Amino acid sequence: MSAVELTFTVNGRPRVVEIDPAETLLGVLRDRLGLTGTKEGCNEGECGACTVLVDGLPVDSCIYAAAATAGRRVETAEGLTHDGLGRELQAAFVAAGGVQCGFCTPGFITTLVAVLREDDKPSEEDVRTALAGNICRCTGYSQILDAVAATISGRNER
Ligand code: FES
Ligand code: FES
């Protein structure tokens with residue numbers, strides 16, 4: 001298939017990339033832009049390791065057509081390390097033991113940034129529902145929920 005030009009914004013920076021029209025967003029981010037903070041797990045939209053934000057909403061980039069991001073705003077784990085909320089979540093994950101092998105962590109933090117931007121006091125039920133598409137094989141989830149609770153209470157104490 002002939003290449004097409006994709007113009008979009010990645011982590012606040014305008015980008016123009018030649019892509020195959022069938023290419024996934026995950027492939028473009030990792031292989032063409034070198035943004036390997038977004039992980040490739042199941043490649044089937046099941047594990048959430050590849051979560052990124054498109055116009056602020058979480059998507060599974062392994063099953064999301066890169067071409068569909070034309071003119072849109074993509075945020076990845078790399079960008080979120082420069083975001084205040086993303087940094088707070090990262091620190092809370094480390095403090096609570098929510099990072100073990102770390103493979104799932106970028107996807108969890110990306111999803112949680114979207115949740116907490118919308119609502120600074122989500123219930124635990126809301127958090128669990130939002131994280132239903134993110135799988136962690138190491139932590140048993142309780143440390144992750146502790147990290148989210150610590151982030152929420154830290155932000156609401158200010
Ligand atoms: S790698 Fe995309 S959902 Fe698992
Ligand atoms: S920390 Fe290993 S999969 Fe979550």
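1. Arg-87. In this predicted model, Arg-87 sits in helix α3. Beyond its neighbours within four places in sequence, Arg-87 is in contact with Leu-80, Thr-81 and His-82. One of these contacts can be specified further: the Arg-87 side chain comes to 3.1 Å from the backbone oxygen of Thr-81. Arg-87 counts as partly exposed because its relative accessibility is 49%, and the cut-off for exposed is over 50%. Val-113 is 26 residues away along the chain, and its C-alpha atom is 9.8 Å from that of Arg-87.

2. Largest nonpolar core. This core has 22 residues, and those touching the most other members are Leu-89, Phe-93, Phe-108, Leu-112 and Val-113. Three helices, α3 (84-96), α4 (105-118) and α6 (142-156), each supply at least two residues. The top contributor is α4, with seven residues. Leu-89 illustrates the packing. Not counting residues up to four places away in sequence, Leu-89 touches Ile-109, Leu-112, Val-113, Leu-116 and Thr-151.

3. A separate core. Another core lies apart from that one. It holds 16 residues, including Phe-8, Val-28, Val-54 and Tyr-64.

4. Helix α1 and its packing. The buried residues of α1 are Leu-25, Leu-26, Gly-27, Val-28 and Leu-29. What do the buried residues of α1 pack against? They pack against β1 (4-10), β2 (13-19), β3, β4 (57-60) and β5 (73-75). After α1 comes Gly-34, with a positive phi near 70 degrees.

5. Thr-38. This residue belongs to the loop between α1 (25-32) and β3 (51-54). Is Thr-38 buried or exposed? Its relative accessible area is 2%, so Thr-38 is buried; the cut-off is under 20%. Its contacts, leaving aside neighbours within four places in sequence, include Leu-26 and Arg-30. They also include Ala-49, Cys-50, Thr-51 and Val-52. Ser-61, Thr-76, Ala-77 and Glu-78 complete the list.

6. Two domains. The domain assignment splits the chain into domain 1 (4-77) and domain 2 (80-156). Their centres, taken over C-alpha atoms, are 21 Å apart. At the boundary, 16 residues of domain 1 are in contact with 13 residues of domain 2.

7. Interface area. The size of an interface is often given as the accessible area lost when the parts come together. Here domain 1 and domain 2 bury about 1,100 Å² between them. Of that area, 58% is on carbon and sulfur atoms.

8. Polar links across the interface. How many salt bridges cross the interface of domain 1 and domain 2? There is one. Seven residue pairs are in polar contact across the interface of domain 1 and domain 2, with both residues at pLDDT 80 or more. On the side of domain 1 that touches domain 2, the largest share comes from β3, with three residues.

9. Glu-75 and its partners. Glu-75 forms a salt bridge with Arg-117, with the closest N and O atoms 2.8 Å apart. Glu-75 also meets Arg-73 in a salt bridge, at 3.3 Å from N to O. Glu-75 is buried because its relative accessibility is 12%. Arg-73 is at 39% relative accessibility, so it counts as partly exposed.

10. Other salt bridges. The whole structure has seven salt bridges. One of them joins the side chains of Glu-23 and Arg-32, at 2.8 Å from N to O. Glu-23 counts as buried, at 15% relative accessibility. Arg-32 counts as partly exposed, at 42%.

11. A salt bridge within α5. The side chains of Glu-124 and Arg-128 form a salt bridge, with 2.8 Å from N to O. Why are Glu-124 and Arg-128 separated by about one helical turn? Because they are four residues apart in helix α5 (residues 124-130). Glu-124 is partly exposed, at 47% relative accessibility. Arg-128 is partly exposed too, with a relative accessible area of 45%. Elsewhere, salt bridges that share partners join Arg-73, Glu-75, Asp-83 and Arg-117 into one network.

Terms used
Residues are numbered from 1 along each chain as its sequence is written. Chains are lettered from A and ligands numbered from 1 in the order in which they are written. Side-chain values use heavy atoms; hydrogens and water are left out. Buried means under 20% relative accessible area, exposed over 50%, partly exposed in between (1.4 Å probe, protein chains only). Contact means heavy atoms within 4.5 Å. A nonpolar core is a set of buried Ala, Val, Leu, Ile, Met, Phe, Trp, Tyr and Cys residues joined through side-chain atoms within 4.5 Å. Domain bounds come from an automatic or database domain assignment. Buried area is the accessible area (1.4 Å probe) that two parts lose on being put together, summed over both. A salt bridge is a side-chain nitrogen of Lys or Arg within 4 Å of a carboxyl oxygen of Asp or Glu. A polar contact is a pair of N or O atoms within 3.5 Å; within protein, one must be able to donate a hydrogen and the other to accept it, and residues adjacent in sequence count only if both atoms are side-chain atoms.
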